[in-house]
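Me: I am new to this structure and would like to understand how the words used for it are earned. Please take me through it step by step.

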Amino acid sequence: MNQIVIRAAELSDSAMLAVLCVTVWTDTYSLEGLEAAHADYMLAEFSPANMQTNISTKVVWVAELDGKVVGVMVFSPEKHEIDTLYVLRHFKGMGIGRAFLKKLRANFIGAVYLTCWEGNSPAIQFYQAVGLVEDGEDFFPLDGQLHRNIRFCMPENWEL
């Protein structure tokens, strides 16, 4: 059986993580094809330079399977927010998301939250299955439109 390893991201991972994020974002949000606003957002948000900044200023963990990167989690400790929890499509269902959340709970005390687009049913089902609690909503602005996100909280006493 292949073993998933969760490790701290290194600056040398930046380009690979940028590609991973663009891939997952495209698979999740560009359901009707790629739009200019999507491309502009992804190229700005997930650039290797932005990934380097995240690695230097936030908590960024990488999931590896057989030495290859298959997922990433970006956590902002000052806001107690999971900014990104992405797993490549072919590796979903292997416990990678759970491994990220367990590592987070083992390293950070207190309530943690994340937001998830309301149309991302697989992610919503995952967050509910692992015991995160829906506790509100947020709106993501993109190309002059607001996209509703569901806010999920990992309570302080959360265990998986």
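Me: Which residues are exposed on the other side of α5?

Reply: The model is a predicted one, and in it P122, Q125 and A129 are the exposed residues on the other side of α5. The buried residues of this helix, which covers residues 121-129, are A123, I124 and Y127. Seen down the axis of α5, these buried residues fall within an arc of 100 degrees, so they line one face of the helix.

Me: Why can residues that are not next to each other in sequence share one face of a helix?

Reply: An α-helix has 3.6 residues a turn, so residues three or four places apart point the same way.

Me: What do the buried residues of α5 pack against, and what follows the helix?

Reply: The buried residues of α5 pack against three strands, namely β4, β5 (112-117) and β7 (145-154). The helix is followed by G131, which has a positive phi, near 95 degrees.

Me: How do you know that the buried residues of α2 line one face of the helix?

Reply: In α2, which spans residues 36-45, the buried residues are A37, H38 and M42. Viewed down the axis of α2, they fall within an arc of 125 degrees, so one face of the helix is lined by them. The other side of α2 carries A36, D40 and L43, which are exposed, while the buried residues pack against α1 (14-29) and β6 (133-142).

Me: Why is H38 called buried?

Reply: The word buried applies under 20% relative accessible area, and because H38 has 8% relative accessibility, it counts as buried. H38 is found in helix α2, and, leaving aside residues up to four places away in sequence, it touches W25, Y29, S30, G33 and L142.

Me: Why is L43, in the helix α2, called exposed?

Reply: A residue is called exposed when its relative accessible area is over 50%, and L43, with 65%, is therefore exposed. The C-alpha atom of L43 is separated by 33 Å from that of G110, which is 67 residues apart from L43 along the chain.

Me: What makes α3 a helix with a buried face?

Reply: In α3, residues 48-57, the buried residues are M51, N54 and I55. Seen down the axis of α3, they fall within an arc of 95 degrees, so they line one face of the helix. These buried residues pack against α1, β2 and β3, whereas the face turned away from the buried side carries the exposed residues S56 and T57.

Me: Why does K79 count as partly exposed?

Reply: Partly exposed is the class between under 20% and over 50% relative accessible area, and K79 belongs to it because its relative accessibility is 43%. K79 is found in the loop between β3 (68-76) and β4 (81-87), and its C-alpha atom is separated by 25 Å from that of S121, 42 residues apart along the chain.

Me: Why is H80 called partly exposed, and what is its phi?

Reply: The relative accessible area of H80 is 31%, and therefore H80 is partly exposed. H80 has its place in the loop between β3 and β4, and its phi is positive, about 60 degrees, although H80 is not a glycine.

Me: What makes a positive phi worth pointing out in a residue other than glycine?

Reply: Most residues other than glycine have a negative phi. D66 is a residue other than glycine with a positive phi, near 55 degrees, and D66 lies in the loop between β2 (59-65) and β3.

Me: How do you know that the radius of gyration of the chain agrees with that of a compact globule?

Reply: A compact globule of 160 residues would have a radius of gyration near 15 Å, and because the chain has 15 Å, the two agree. The C-alpha atoms fill a box of roughly 40 × 35 × 30 Å along the principal axes, and 42% of the 160 residues count as buried.

Me: How many helices and strands does the chain have?

Reply: The secondary structure comes to 5 helices and 7 strands, which follow the pattern β-α-α-α-β-β-β-α-β-α-β-β when read along the sequence. Among contacts between residues at least 6 apart in sequence, 62% join residues at least 24 apart.

Notes:
Residues are numbered from 1 along each chain as its sequence is written. This is a predicted model: local features need pLDDT of at least 70, side-chain atom pairs count only at pLDDT 80 or more; totals for chains, interfaces and linings use all residues. Side-chain values use heavy atoms; hydrogens and water are left out. Helices (H or I, at least four residues) and strands (E, at least two) are DSSP runs, numbered from the N terminus. Buried means under 20% relative accessible area, exposed over 50%, partly exposed in between (1.4 Å probe, protein chains only). The arc is that of the directions from the helix axis to the C-beta atoms. Contact means heavy atoms within 4.5 Å. The radius of gyration is taken over C-alpha atoms; the globule rule is 2.2 Å times the number of residues to the power 0.38.
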